[in-house]
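Me: I'd like to learn how to read a fold piece by piece. Can you walk me through one?

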Amino acid sequence: MIMKGSMKIGLLVSIACILMLGSCEKFVRPNKVERIVEDNKWSVSNCIVNGVNHQFIGTEFHFREAGYIAVSETASVNGKWTVGLNKKPTTLYISAFLSEPYFVLNDSWKVLTATKNRLTMRAEHGNVVNSLTLIRIED
């Protein structure tokens, strides 16, 4: 009888530990995002802002070391980027795009995932959730 009670307690403790470990959210570190983004060319595979899917087919975005974003289609359009210091979550700030269609990229993007070939981000403004996915262009 005592064994059954001990086994139940042990099982409950095990389940609680698994739930606690599984619920820990892992965040992408700012230096990792900076290292991945910097000096690479990216294409936008998904950009939904205010419920509208924006297409940037054939456009390359080159994230320069000095914090500038060069756009392949035109020399007259450039943006700026920086990575926030906080890692809960890491934020990629994109700004200074003044003309259409690029100004929709201006936002504080929370980095959800970051690999050497893909960045997945979102920006939340009240009930509106915007999403942005960048795919690295191989040289």
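Reply: Sure. Let's begin with surface: the protein exposes about 9,200 Å², and carbon and sulfur atoms supply 58% of that area. Keep in mind as we go that this is a predicted model.

Me: What pattern do the helices and strands follow along the sequence?

Reply: Reading from the start, you get α-α-β-β-β-β-β-β-β-β-β. That is 2 helices and 9 strands.

Me: How much of the protein is buried, and what share of the contacts is long-range in sequence?

Reply: Of the 139 residues, 32% are buried. Among contacts with a separation of 6 or more, 40% link residues 24 or more positions apart.

Me: Let's take a helix. How do I read which way it faces?

Reply: Start with the general idea: an α-helix has 3.6 residues a turn, so residues three or four places apart point the same way. Now the case here: in α2, residues 30-37, the buried residues are Pro30, Val33, Ile36 and Val37. They cover an arc of only 135° around the axis, so they sit on the same side of α2.

Me: Which residues of α2 are exposed on the other side?

Reply: Asn31 and Arg35.

Me: And what covers the buried residues of α2?

Reply: The cover includes strands β1, β3, β5, β7 and β8, the last of these spanning 118-125.

Me: Next, backbone oddities. How do I spot them?

Reply: The general idea is that most residues other than glycine have a negative phi, and most peptide bonds are trans. Anything that breaks either habit deserves a look.

Me: Where does a positive phi turn up just after α2?

Reply: At Asp39, with phi about 60°.

Me: What about Asn50: where is it found, and is it buried or exposed?

Reply: Asn50 is in the loop between β1 (40-49) and β2 (52-53). Its phi is near 55°, positive although the residue isn't glycine. Asn50 is exposed, with a relative accessible area of 57%.

Me: How does Ala96 read on the phi angle, and in which loop is it found?

Reply: Phi of Ala96 is near 75°, another positive value in a residue other than glycine. You'll find Ala96 in the loop between β6 and β7. It is partly exposed, at a relative accessible area of 34%.

Me: Now the peptide bonds. Which bond is cis, with omega near -10°?

Reply: That's the one from Lys88 to Pro89. Pro89 lies in the loop between β5 (78-83) and β6 (91-95). A cis bond also joins Glu100 and Pro101, with omega about -5°. Pro101 has its place in the loop between β6 and β7 (107-115), and that loop is also where Ala96 is found.

Me: Last topic: cavities. How many of 30 Å³ or more does the structure hold?

Reply: Just 1. About 50 Å³ of space lies in the largest cavity.

Me: Which residues line the largest cavity?

Reply: To read a cavity, list its lining, then ask which elements supply it and what chemistry it has. Here the lining consists of Val44, Phe61, Phe63, Ile69, Ile94, Phe97, Leu105, Leu132 and Leu134. Strands β3 (61-63) and β9 (128-136) each supply at least two of the lining residues.

Me: And how do the lining residues divide into nonpolar, polar and charged?

Reply: The lining has 9 nonpolar residues, no polar and no charged ones. One element ties two of our topics together: β3 helps cover the buried residues of α2, and β3 also supplies at least two residues of the cavity lining.

Definitions and conventions: Residues numbered from 1 in each chain as written. Predicted model: local features only at pLDDT ≥ 70, side-chain atom pairs only at ≥ 80, totals over all residues. Heavy atoms only, no water. Helix = DSSP H or I, 4+ residues; strand = E, 2+ residues; numbered from the N terminus. Buried < 20%, exposed > 50% of the residue type's maximum accessible area, 1.4 Å probe, protein only. Contact = heavy atoms within 4.5 Å. Areas by Shrake-Rupley, 256 points an atom, 1.4 Å probe, with all protein chains shown as cover. 1 Å grid on protein atoms, 1.4 Å probe; cavity = no way out; pocket = protein on both sides within 12 Å on 5 of 7 lines; lining within 4 Å. Points joined across faces, edges and corners; volume = space filled by probe spheres on them. Nonpolar A, V, L, I, M, F, W, Y, C, P; charged D, E, K, R; others polar. Arc of directions from axis to C-beta.
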